[in-house]
Amino acid sequence: MQNIPYQYRLLILFLLMGLIVAVDYRRNPTKPTKLQEYSFLIVSGLIGAGFGYR
């Protein structure tokens with residue numbers, strides 16, 4: 001895993017998250033929850049990265 005560049009690992013992560021969101025929406029179209037959960041994780045990660053950058 002160390003040989004794979006960070007950008008590709010991030011892309012793989014987002015593709016897998018998108019796949020899980022699509023499956024969740026397909027199984028439960030009236031109340032999908034994965035998009036909200038993953039949005040929270042992404043925003044939290046960006047806030048943490050912002051604090052870590054300084």
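# A tour of the predicted model

Start with Leu13, which lies in helix H1. This is a predicted model, and every stop below is a selection to make in it.

**Stop 1: Leu13 and its helix**

Select Leu13 and show its side chain. Is Leu13 buried or exposed? Leu13 has a relative accessible area of 42%, so it counts as partly exposed, since that class runs between the 20% limit for buried and the 50% limit for exposed. Then colour the whole of helix H1, residues 6-27, and helix H2, residues 34-53. Both helices return at the next stops.

**Stop 2: the largest pocket**

Select Tyr6, Leu10, Leu13, Phe14, Met17, Leu41, Ile42, Gly45 and Leu46; these residues line the largest pocket. The volume of this pocket is about 160 Å³. Helices H1 and H2 each supply at least two residues of the lining. Which helix gives the most to the lining? H1 does, with five residues. Now colour the selection by residue class. Eight of the lining residues are nonpolar, one is polar and none is charged. The polar one is Gly45, because Gly is counted among the polar residues here.

**Stop 3: the nonpolar patch**

Reduce the selection to Tyr6, Leu10, Leu13, Phe14, Ile42 and Leu46, and switch on the surface. These residues form a nonpolar patch, with about 570 Å² of accessible area together. H1 and H2 are the elements that give two or more residues to the patch. H1 gives the most, with four residues. Leu13, from the opening stop, is one of the patch residues, and Leu13 is also part of the pocket lining.

**Stop 4: Phe14**

Keep Phe14 and hide the rest. Phe14 is placed in helix H1, and it appears both in the lining of the largest pocket and in the nonpolar patch. With a relative accessible area of 39%, Phe14 is partly exposed. Add Leu41, another lining residue, and draw a distance between the two C-alpha atoms. The separation is 12 Å, for residues that are 27 apart along the chain.

**Stop 5: the salt bridge**

Side chains of opposite charge can pair when their charged atoms come close. How many salt bridges does the structure hold? It holds one. To see it, select Glu37 and Lys34 and draw the line between their closest N and O atoms, which are 3.7 Å apart. That distance is within the 4 Å cut-off, so the pair counts as a salt bridge. Where do the partners sit relative to each other? Glu37 and Lys34 are three residues apart in helix H2, so about one helical turn separates them. Neither partner is classed as buried: Glu37 is partly exposed at 39% relative accessibility, and Lys34 is partly exposed at 28%.

**Stop 6: from Lys34 to Gly18**

Stay on Lys34, which is found in helix H2, and add Gly18. The C-alpha atoms of Lys34 and Gly18 are separated by 9.4 Å, with their positions 16 residues apart in the sequence count.

**Stop 7: Gln7**

Keep Gly18 and select Gln7. Gln7 is found in helix H1. Its relative accessible area is 58%, so Gln7 counts as exposed, the limit for that class being over 50%. Gln7 and Gly18 are 11 residues apart in sequence and 16 Å apart in space, C-alpha to C-alpha.

**Stop 8: Tyr25**

Finish with Tyr25, whose place is in helix H1. Tyr25 has a relative accessible area of 49% and is therefore partly exposed. Add Leu35, which is 10 residues away along the chain, and compare C-alpha positions: those of Tyr25 and Leu35 are 8.6 Å apart.

Notes
Residues numbered from 1 in each chain as written. Predicted model: local features only at pLDDT ≥ 70, side-chain atom pairs only at ≥ 80, totals over all residues. Heavy atoms only, no water. 1 Å grid on protein atoms, 1.4 Å probe; cavity = no way out; pocket = protein on both sides within 12 Å on 5 of 7 lines; lining within 4 Å. Points joined across faces, edges and corners; volume = space filled by probe spheres on them. Patch = residues over 30% accessible without salt bridge, like charges linked within 9 Å, V, L, I, M, F, W, Y side chains within 5 Å. Areas by Shrake-Rupley, 256 points an atom, 1.4 Å probe, with all protein chains shown as cover. Salt bridge = Lys/Arg side-chain N within 4 Å of Asp/Glu carboxyl O. Buried < 20%, exposed > 50% of the residue type's maximum accessible area, 1.4 Å probe, protein only.
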